[in-house]
Amino acid sequence: MKWSYFRSRLFLKYIWSYLFILLIPLILTTLFIYQNAVSSLRSQIEQSRYNQLTQTKNIIDARLKELGEIASRLSYDDRLTPSRVHDPYYSRDAIQALDQYKATSSIIGELFLYFHKDQRIYSSKGMSSLDVFADKYSFRSWNRTELVKDLNGVKYPTMRPADAVRQTYLQKSILAYLVPITPNNPNPHGTVLYFIEESELNGLIDSILGNYKGLSYIFDDKGQILAANRQGESIGDADARSLFDLPPGIHSRTLNGIPHSVVSVKSGQNGWTYLSVMPSTQFFSSVVHVRSFIIMLLCIAALAGAFIALLLARMQYEPISSLAEYANHPKRTAGGSPPRGNELERIHFALREYSSLADLQEPYARNHVLYMLLKYGNTDSLTPELQEAFGLRFDRPRHFAMVTGWGARNDGRQDPESLRRLLARAEYAALGACTYGVELPQADHLALIVSFVPDGMTEEFLQVRQIVEAVRGRMRELFDVIPAIGVGTCYSKPEQLNPSYIEACSAFELRAEGSAGTATYFEKLSDEPKLASWIPGSELLKLSQSLKQGSYDVAAQTIGTAVRSLQTSRPSDLLARCICFDILNTMLRTASELDFHDAIHDIAPHAISGGSWEDAENVFLGLASRICAQVERKNRIEEHSQIDRIAAYIDRHYADHTLSLEKIAFEFAVSPSHVSRSFKEKVGLNFIQYIWQKRLEEVKRQLTSTSDPLKDIIARVGYLDTPNFIRRFKKETGLTPGQFRKLYDSAGETDDSPDGTEGR
């Protein structure tokens, strides 16, 4: 690069302009990427918290449902009737029964059974009076009077918020869950009391925030805080309760003057609300590495942008610099020294000088443009500015070209002024036409471009003839001679002047010998009789395609239409046989493409060459029927073979949990609907049922031949939802997997739970 460029203020202006153009979008793009990264990360974190809250809700709902079921079973247990509980002989059985019920749920800290109006309460550790119970479990905000009142008066399952309970020398935070028995009875006779340590619920919400600071809450349906987990963050209980009314979803709230992200989930089973709260600033701190990367990327892009700006400025300035040097050259300045100023001003001065020279060359440039239009029909370079400069207008709806020539009759009598007038724009207002003359390379040939507006009353050809006659009259005035004229066809766009010019040249060359001074029209040269007897190629193509598709009805309709057309036109016997063999050749060629090579052996030659039209049609229809039947058989064989391959593929891959109808369709390059329909017709089961049966049989086999856990067996056959599989298994067989295994393996005695154990 020339260092002298930097002394030019125009060059420096270009550099600053490009820097400005590059840096503004670059900065905006960087900010957009950074903001998008923060928003994307925030969305992912909030969605993860929402999913974890939903999972926690589902787990707690299941646990509470389990406690309700325990209370229901307990209320109907003969060992726990009031009479047997109070009987000294049977009371030990009652205590053992309570201990068994307590062991069935992992979240029960202690289980108590209380009958209304009784002064005693029963647990898995024995019987005690209410006074002893109140002394042993001393709640901070639940005194003995309220305790007895709640035990006798609760009508619906009720969870008390976590409360500090003093036991001898220990103090724990416990939630009390009261379930009346029997459940859903408007007049319960007792109450089951569960003690649940707050740590059990907190353990379920510990992982919601992960490594982020924040809070997690569980509210009951009345807005009381049942459990809370605080990880390096704290807000007042009033602020926490204000979040209870938020609808389920993801929200933004300002707490203690700090923006927070709040995720809320509500249980439809018991009305409890689960909340996760964390400061929004943590989202930005999580993308520090992104911010550093973006800053580094911005610096690199800025350096690259400066280099690109320098190159672009050089690319733009270099031609200007060359033009400026050319304009400053002493030999290029005819009107004195160029003005002082920047390069653009000096170039403008030089251009004004050259414009006077260009005016002298305008007729030649105009003729070149029009000749290129006739020769190539290219109007891309014919810009509005160029048309205005040359006085050209092609805004009329119809256009055609004319070619004229004098030959030896001219004798060079056209003077330059007459020729110039002929080449200029000429208006024929009465005919709504205008012409532009074009000198052709031949010395005795001229072309004229004619644009006109149809008058709507006169036939177009007659109007063209009138224009040609008017032009010929003008030529006679100018040259005192009538030249030969060839006229092309009219078109609607100036781009189509090229074929019109070629047609005009053809008409000029084909003019009658010795017909000097006449006009020959290409449109009249193309009027030839057309043969109507031959069958159009499009109909033969339609016949071939219908045979390939196996559509006999369409083939028969096409053949019938062709034969009736031939009967109407009544061609000669020889032409009729040729046309029939054309139809036959199309059908035999199509049969050969379909690998049906024996079709020709079934044709009676005399029916084509010597028979009637009806005989020929019957031969064609019979051949079409056989070809279509062959296509149908071939399609059925291929379809059955394909279904066999699909079934074999499923037999090999049924243990793949990603196996689906769409995957099979993609694998075999067919549509899912086709697979589903054909599979059911061939196998007798639909796609889903077939895979289920394969997996079911394999699970049965492994249950009877292995001792592996049920969860592992189900996973191996490609089924991910263990509880759902167990339900479907029992529905199909009438037994749980554990019961099924016990029938065939007396040594196996396991549990049907989703954690992999099989049941009784």
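User: What makes up the lining of the largest pocket, in terms of nonpolar, polar and charged residues?

Analyst: In this predicted model, the lining divides into 10 nonpolar, 6 polar and 6 charged residues. Tyr and Pro count as nonpolar and Asn and Thr as polar, so Y156, P157 and Y177 fall in the nonpolar class, and T158 and N270 in the polar class. These five are the closest to the pocket centre among the 22 lining residues.

User: How large is the space in the largest pocket, and which elements supply its lining?

Analyst: About 590 Å³ of space lies in the largest pocket. At least two lining residues come from each of α1 (9-75), β5 (158-159) and β7 (170-181). Helix α1 gives the most, with 4 residues.

User: What makes the space lined by E460, F461 and V464, among others, a cavity and not a pocket?

Analyst: A cavity is a set of points where a 1.4 Å probe fits but cannot get out, whereas a pocket is an open set. The space lined by E460, F461, V464, V487, G488, C490, Y521, F522 and E523 is the largest cavity, so a probe placed there cannot get out. About 60 Å³ of space lies in this cavity. The whole structure holds 2 cavities of 30 Å³ or more.

User: Which helix gives the most to the lining of the largest cavity, and how is that lining divided by class?

Analyst: Helix α13 gives the most, with 3 residues. Both α13 and α15 (522-525) supply at least two residues each. By class, the lining has 6 nonpolar, 1 polar and 2 charged residues. Glu counts as charged and Gly as polar, so E460 and E523 are the charged residues and G488 is the polar one.

User: How do you know that the span of α13 is close to the expected one?

Analyst: The expected span is 1.5 Å times one less than the number of residues. Helix α13 (residues 460-479) has 20 residues, for which 28 Å is expected, and its first and last C-alpha atoms lie 29 Å apart. The two values are therefore close.

User: Why are F461 and V464 of α13 called buried?

Analyst: Buried means under 20% relative accessible area. F461 and V464 are listed as buried, together with Q463, I467, V468, V471, R472, M475, L478 and F479, so each of these residues is under 20%. Residues three or four places apart in an α-helix point the same way, because there are 3.6 residues a turn. After α13 comes D480, with a positive phi near 55°.

User: What makes β10 and β11 edge strands?

Analyst: Each of β10 (225-231) and β11 (249-255) pairs on one side only. They belong to an open sheet of 5 strands in the order β10-β9-β13-β12-β11, with antiparallel pairing. Neighbouring strands in this sheet are turned by 20° against each other on average, direction ignored.

User: How do you know that β11 and β12 count as paired?

Analyst: Two strands pair if at least two bridges are found between them. Strands β11 and β12 (residues 258-266) have 7 bridges in the antiparallel sense, so the condition is met. Within this pair, T254 stands opposite P259.

User: Why do β14 and β18 count as paired?

Analyst: At least two bridges are needed, and β14 (residues 398-405) and β18 (residues 484-487) have 4, in the antiparallel sense, so they qualify. T404 stands opposite I485 in β18. Their sheet is open, with 6 strands in the order β15-β16-β17-β14-β18-β19 and mixed pairing.

Definitions and conventions:
Residues are numbered from 1 along each chain as its sequence is written. This is a predicted model: local features need pLDDT of at least 70, side-chain atom pairs count only at pLDDT 80 or more; totals for chains, interfaces and linings use all residues. Side-chain values use heavy atoms; hydrogens and water are left out. On a 1 Å grid over the protein atoms alone, a cavity is a set of points where a 1.4 Å probe fits but cannot get out, and a pocket is an open set with protein on both sides within 12 Å along at least five of seven lines; lining residues have an atom within 4 Å of a point. Grid points are joined across faces, edges and corners, and a volume is the space filled by probe spheres set on the points. Buried means under 20% relative accessible area, exposed over 50%, partly exposed in between (1.4 Å probe, protein chains only). Axes are lines fitted to C-alpha atoms, for helices over the stretch in contact, and angles run from 0 to 180 degrees between N-to-C directions.
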